[in-house]
Amino acid sequence: MSIQELYREVILDHYRNPRRQGTLAGDHIHAEGNNPSCGDEFSLDLEVTDGHITDAAIQGQGCSISQASGSMMAEAIVGKSIEEVAELTHQFKLMMSIEEGESPVDPSRPGSVLGDLEALQGVRKFPVRIKCADLPWTTLEDALAQRNAS
Amino acid sequence: MIDAAAIRKDFPILEREVNGKPLVYLDSAATTQKPSQVIDAISEYYRTINANVHRGAYSLADEATTAYESSRAKVARFINAATPSEVVFTRGTTAALNLAAYGWGLDRLGTGSRILLTKMEHHSNVVPWQLVAKRTGAELVYLDINAEFGVDLGTLDELVDDRLAIVAVSGMSNVTGTIGPVRELVDAAHSVGAIAVVDGAQAVPHLPTDVQAMDADFVAFSSHKMLGPTGIGVLWGKRERLEEMEPLEGGGEMITDVRLYESEWAPIPHKFEAGTPPIAQAVGFGAAIDYLAALGMEEVRRHEVEITGYALERLADVPDLEIFGPTDVAQRGGAVSFQLADIHAHDIATILDEEQGVAVRAGHHCAKPLMRHFEVPATARASFYVYNVPSDVDALVAGLFQAREVFGLS
């Protein structure tokens, strides 16, 4: 495992040019997450219409892994149904070894399951950084749990 | 003159590798590594002396008590305390500062009284005072940080009046390395009848310490930041301060008599040491103090000035690197915090670890008010101690150039 496999170009691109930056103005769900031990912060606005995520906006500060993970996540979830997002989250956590099971990443068909997010697969080799990659996803789960609660 | 290369042989952990490279340990501000002398003293204690202290009429218990109390005497000599009874063993600096805050503050602070802190304090010299202020109605006031990363004393006069009850200051910042203005703040506190508390977590391991000359009322520090084991630290207090304080914890070992509705406290320091103390840790701490005393704290400081000076010089060659701390080594200790271009501190730490086996701290260093003052979420921090050699700095600098490369900056 070389350091270049962790810091792939697409990760650095999302870190330096995060997508869907900002906040939402209309009716939306808001959730915030942070890693108190390292200070990484992430906030998420979600617009949910008819069981689909129709818009998302993110803000945050932290390391390249946490911020790139959030940017790629925001891109990936818009247009998906809540069920599809739950499945994506599950696949992501399998890839990160946060949830137990085979990693879904298929070396012969890179990007087939998780798209750009597969660039983060190197993180699982750096156990102390897994929580960085996971921060946006935990925040997403919090946001969706709020929706279920209300 | 400290021969750091020779000293390294005493530290078994420095022989190990991480990620296929020799470990380069640059996180001594968080905790130091331990020499064989300390590890062996702890092991030897358990093998040959272990018994509970201050009880039991048998020989082993007496030997354990002697070992425990002789460590207290070593600490007292090391910081030039007037008497070993002014040395209270605690769990560490945090527990010591909490003991000072609650033990002394709770009964004496009230609405209208003030606690003066600086913005460079570690959370453990902020949060206990916040808790006690909340319980008593006291108010916290802060001295700012100046452009040279020192404490700004410009507002001191207006903050020092008869409302002032406590001044609490770090002897050395764990982030910037800045040596705190202890003399000025102790004098300012005493000029209005307030007490002075020094967070010595960084200062005591790195600078010669004479608590009588310093004249503060309390000084807190930890064993594990000065070659000793975790789980033990010290609250040194002036005899009259400790005697006027109520104990915080009740239990065994801290009483002379217990009746059904009231008890009598043991004399200092034992009235603050309820329950079975960390005996093996005290023995290890004693061995650490022997080790440092043999090196000589003047020499420890001289070595730190040298290695830190070399680090500052080498780091100046790294493009886009910003150091948060004094550039004059006379004003600072060996904690060097920095940012490199737009590379987050965690990413720097991962790359240094993976590529060079260099261990540095990344994050807010338990000093969020100071991070907010600098308007940065996190910094990377390299910190040095007696076993660090110039090649450690070279590995750090090489790793920082690799980080630039990984982030496409070269």
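## Overall size

What radius of gyration would a compact globule with 410 residues have, and what does chain B have? The rule puts a compact globule near 22 Å, and chain B comes in at 22 Å, so chain B agrees with it. Keep in mind that this is a predicted model.

Laid along its principal axes, the C-alpha trace of chain B spans about 75 × 55 × 35 Å.

## What's inside

Chain B packs in 15 helices and 17 strands. As for burial, 51% of its 410 residues count as buried.

Now the contacts in chain B, taking those between residues at least 6 apart in sequence: 71% of them join residues at least 24 apart.

## Two domains

The domain assignment splits chain B into domain 1, made of 4-28 + 297-406, and domain 2, which covers 39-293. So much for the bounds; next, the spacing. Taken over C-alpha atoms, the centres of domain 1 and domain 2 of chain B are 28 Å apart.

## Where the domains touch

Across the boundary in chain B, 22 residues of domain 1 are in contact with 22 residues of domain 2. On the domain 1 side, the elements giving two or more residues are α12 (297-315), β14 (335-340) and α14 (368-374) of chain B. The largest share there belongs to α12(B), with five residues.

And the chemistry of that side? The residues of domain 1 of chain B that touch domain 2 divide into 10 nonpolar, seven polar and five charged.

Conventions
Residues are numbered from 1 along each chain as its sequence is written. Chains are lettered from A and ligands numbered from 1 in the order in which they are written. This is a predicted model: local features need pLDDT of at least 70, side-chain atom pairs count only at pLDDT 80 or more; totals for chains, interfaces and linings use all residues. Helices (H or I, at least four residues) and strands (E, at least two) are DSSP runs, numbered from the N terminus. The radius of gyration is taken over C-alpha atoms; the globule rule is 2.2 Å times the number of residues to the power 0.38. A residue is buried if 20 or more other C-beta atoms lie within 10 Å of its own, exposed if 12 or fewer, and partly exposed in between; C-beta atoms are placed from the backbone. Two residues are in contact if their C-beta atoms, placed from the backbone, lie within 7 Å. Domain bounds come from an automatic or database domain assignment. Ala, Val, Leu, Ile, Met, Phe, Trp, Tyr, Cys and Pro count as nonpolar, Asp, Glu, Lys and Arg as charged, and the others, Gly among them, as polar.
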